[in-house]
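Biologist: Could you take me through one part of this model up close? I'd like the last helix, and then how the rest of the chain sits around that picture.

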Amino acid sequence: MKRRPSTCRAVPRCSRLWLSLHLGLGLAWIALLSSRAPAASGFGATAPQVFVMLLLAGWLPSLALAAWQMKHRRWRFLIGSDLLAAAGLVLLACTAYLPLFFFNVVWFLPLALLPRGVLSEMLVRLLPDRRL
């Protein structure tokens, strides 16, 4: 009896590396942005508040984008989906939270404008080939 090839749908190593880079870039960018927030609780959000706000409202929803981009790693799809995600997050920041725009939601703009899919693909291509 002839065995059929395995139909395991495990994520290849290269894709796991790409996904780790994508999500890690987002977390690093959030950490950098929140480090620029004021330390004292005066006018606006403090650094821990900015970090939690960006993590919950900006990074967690990007998990779905990262999973989709991992399967569609052509340049035009990456550029288009990064632009679409940035436009959606900026639109959400400018319309849904308009009263908070100048105080807290302004932190979403730099997060939205980071093209994580394109940067992740560039980093993966620059890494030496180690039979991933």
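Modeller: Sure. One cut-off before we start: a residue is called buried when its relative accessible area is under 20%, exposed when that is over 50%, and partly exposed in between. Bear in mind that this is a predicted model.

With that cut-off in hand, look at helix α6, which covers residues 116-126. Its buried residues are Arg116, Gly117, Val118, Ser120, Glu121 and Val124. And what do the buried residues of α6 pack against? They pack against α1 (13-35), α2, α3 and α4 (75-95).

Stepping back, the protein chain has six helices and zero strands, so if you walk along it from the N terminus you read α-α-α-α-α-α, by the DSSP runs used to assign helices and strands. The chain has 132 residues, and 31% of them count as buried. Among contacts with a separation of 6 or more, 73% are between residues 24 or more positions apart.

Now follow one of α6's partners, α2, out to the surface. Helix α2 spans residues 47-59 and gives three residues to a nonpolar patch, the most of any contributor. The patch is made by Phe51, Val52, Leu56, Leu60 and Leu63, and comes to about 390 Å². Leu60 sits in the loop between α2 and α3 (62-71). Leu60 has a relative accessibility of 37%, which means it counts as partly exposed. For the chain as a whole, the exposed area is about 8900 Å², with carbon and sulfur atoms supplying 68% of it.

There is also one aromatic pair in the structure. The partners are Trp68 and Phe77, arranged edge-to-face, with 6.3 Å centre to centre and 75° between the planes. Trp68 is partly exposed because its relative accessible area is 38%. Phe77 counts as partly exposed too, at 30% relative accessibility.

Finally, how far does the confidence go? Mean pLDDT for the protein chain is 78, and 77% of its residues reach 70 or more. The stretch to treat separately is residues 3-10: pLDDT stays under 50 there, and the model gives those residues zero contacts beyond four places in sequence.

Note on methods:
Residues are numbered from 1 along each chain as its sequence is written. This is a predicted model: local features need pLDDT of at least 70, side-chain atom pairs count only at pLDDT 80 or more; totals for chains, interfaces and linings use all residues. Side-chain values use heavy atoms; hydrogens and water are left out. Patches are made of residues with over 30% relative accessible area and no salt bridge: like charges are joined within 9 Å, nonpolar side chains (Val, Leu, Ile, Met, Phe, Trp, Tyr) within 5 Å. Accessible areas come from the Shrake-Rupley method with a 1.4 Å probe; for residues, only the protein chains shown count as cover. A salt bridge is a side-chain nitrogen of Lys or Arg within 4 Å of a carboxyl oxygen of Asp or Glu. Helices (H or I, at least four residues) and strands (E, at least two) are DSSP runs, numbered from the N terminus. Buried means under 20% relative accessible area, exposed over 50%, partly exposed in between (1.4 Å probe, protein chains only). Contact means heavy atoms within 4.5 Å. pLDDT is the predictor's confidence in each residue, from 0 to 100. Rings of Phe, Tyr and Trp (its six-membered ring) pair if their centres lie within 6.5 Å; planes under 30 degrees apart count as stacked, over 60 as edge-to-face and the rest as tilted.
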